[in-house]
Amino acid sequence: MKAQLLILDFGSQYTQLIARVVRELGVFCEIVPGTMAGDKILAREPKAVILSGGPSSVNSAQALRLDKKVLASGLPMFAICYGMQLIADEFGGKVEGWARDAVGDGCNGQAASVQREFGRATVTVLEAKGAFSGLAKGEVLQVWMSHGDKVTVLPQGFYAALSSEGSPVAAFGNDKKRVYGVQFHPEVHHTPKGKDILKTFLFDIAGLSADWDAGYFIDETVARIAKQVPTGNVICGLSGGVDSTVAATLVHKAIGQRLHCIFVDNGLLRHNEAPEVLDSFTGAGLLVHHVDASERFLSELAGVSDPEKKRKIIGRVFIEVFQEEARKITDVKYLVQGTLYPDVIESVSVVGSSATIKSHHNVGGLIENMELDLIEPLRELFKDEARAIGLKMGIAERLIHRQPFPGPGLAIRIIGDVTKEKLSVVRKADVIIQEEMRAANLERKLWQAFAVLLPVQSVGVMGDGRTYERTVAIRAVTSRDAMTADWYYFPESVLRRISSRIVNEVDGINRVVLDISTKPPSTIEWE
Ligand code: XMP
């Protein structure tokens, strides 16, 4: 699918939010680095561009610049924060405030500056024209500011559209060029009219059409896959998670029984999970090859307690089992993966390396030595868009809104080595947490809630006897993207029920504790 609009990223922490708001308005857009060569940007034939904010200062030697070819292209442009300053600078205006290099990844202004503006601010409408024509002259708007530099001299031909106490030019426009800039962030919800301003720009100024919705995406994707794979077979690893479920369902719509889903039961799944996943897929008419590899995984894991070693073994065995099964299928041309947009964005915001905290394993990452081409139907979507597509295709709500479950499964929720007995204990405790969370209507509110089995024995008393048994920890967190997480304080009545049910119903447990650690410095899973 071709993007009508490109978002040129200059490193703002809000770039993905701009894309979200634009897509919510029905315009399909993509994010590319703001420093990309002009020819490459223009080759994508966008009908308009949005320049994001960014942490640098246009007056610094290291400032990220926009290729002059894009500036001269005549494309409608909407520039935010650093983007606005860049436009001002390029078109002959003046930007002042702070000329040192940036610290941090926010919009410019992380360093001290007397004139800087952060957080909530108000702006007054001077000219209700162009992208600002939905506003009324004299109207006062609430906006979210985050900058140190500001435009002090307008470029030739531009007018000041909005002003704030700190910035006489809080927004500017040039109707002839169809170029607009705002000093604040219209994409965040702290700027209530921001979405309206963007809407005016997208539709009235740039003349884009709101043609992107779930139905359109499904039709277009299904037709494209059917054309791409006229003959032969396609394989897909199913995990029961949202991404692989939606991806497989789309491909199934396109090629029917030529899609072979491979479901590897590693023996590390939750209570009843394997039959539920199988039933839901076969019920929907998908062809599923079910491989019960539980014993193989368990024997490979026997006696291993190091978390990274456990993860590596599970990842390796999964690939082995998957490939053995795939080899039984003839004429395989492609592998389906549920990759989402945040994993693939080529953006300056994601440049950089980070330490390996945990070796992640999931049904992705299979391709390395399979010599197959990929079909990634969700490559352009955010998770909630993928969910909307899934719902539209009739996938059960319960599957679409499932909490994430890690590829290595319960093995990383058993501290120490993994045995059948421990799996049975952690499964029983987990079911109780799931049931009580659902009964309290909290499943959608929480990112995850689950049980962790600790290798800690302590003394208790049951009836008249002494017990010396193990401990279960309750882990419940809220999060937006799993990068950070906060522990969730279940209502006391829920905690009481969970704790008394676990010690009464799960043999071998006489103590329940609550994990009250945030991420960072902890992680969500214990291993
Ligand atoms: P951590 O423990 O790193 O987890 O805070 C962040 C999120 O990722 C999930 N997780 C995984 N998901 N394969 C996955 O598909 C993995 O190997 C894996 N390890 C952790 C975890 O459940 C949480 O939602």
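The following dialogue between a trainee and a mentor concerns a predicted model.

Trainee: What should be known about the model before its values are read?

Mentor: The model is predicted, and local features need pLDDT of at least 70, side-chain atom pairs count only at pLDDT 80 or more, and totals for chains, interfaces and linings use all residues. Residues are numbered from 1 along each chain as its sequence is written, and side-chain values use heavy atoms, with hydrogens and water left out.

Trainee: Which domains make up the protein chain?

Mentor: The chain is divided into domain 1 (5-205), domain 2 (214-400) and domain 3 (419-514). These bounds come from an automatic or database domain assignment. The C-alpha centres of domain 1 and domain 2 lie 39 Å apart.

Trainee: How do you know that domain 1 is in contact with domain 2?

Mentor: Contact means heavy atoms within 4.5 Å. By that rule, 17 residues of domain 1 are in contact with twelve residues of domain 2.

Trainee: What area do domain 1 and domain 2 bury between them?

Mentor: Buried area is the accessible area (1.4 Å probe) that two parts lose on being put together, summed over both. For domain 1 and domain 2 this is about 1200 Å², 50% of it on carbon and sulfur atoms. Q16, R20 and R23 supply 42% of the area that domain 1 buries against domain 2, more than any other three residues.

Trainee: Why is the pair of D384 and R20 called a salt bridge?

Mentor: A salt bridge is a side-chain nitrogen of Lys or Arg within 4 Å of a carboxyl oxygen of Asp or Glu. The N to O distance between the side chains of D384 and R20 is 2.5 Å, so the pair satisfies the definition. Two salt bridges are counted between domain 1 and domain 2, and the structure holds 34.

Trainee: What makes E385 and R23 a salt bridge, and which parts does the pair tie together?

Mentor: The side chains of E385 and R23 meet at 2.6 Å, N to O. E385 lies in helix α12 (residues 383-392) and R23 in helix α1, so the pair ties together parts that are 362 residues apart in sequence. Helices (H or I, at least four residues) and strands (E, at least two) are DSSP runs, numbered from the N terminus.

Trainee: Why is the pair of Q448 and the ligand called a polar contact?

Mentor: A polar contact is a pair of N or O atoms within 3.5 Å; within protein, one must be able to donate a hydrogen and the other to accept it, and residues adjacent in sequence count only if both atoms are side-chain atoms. An N or O atom in the side chain of Q448 is 2.7 Å from an oxygen atom of the ligand, so the pair falls within the limit. A polar side-chain atom of K519 lies 2.7 Å from a ligand oxygen atom, and one of E525 lies 2.5 Å from a ligand oxygen atom.

Trainee: Which peptide bonds are cis, and where do P520 and P521 lie?

Mentor: A cis peptide bond joins K519 and P520, with omega about -20°. The bond from P520 to P521 is also cis, with omega near 10°. P520 lies in the segment after β20 (509-514), as does P521.

Trainee: What makes the phi of E45 worth a remark?

Mentor: Most residues other than glycine have a negative phi, and most peptide bonds are trans. E45, found in the loop between α2 (38-43) and β3 (48-51), has a positive phi near 50°. R178, which is not a glycine, has a positive phi of about 60°.
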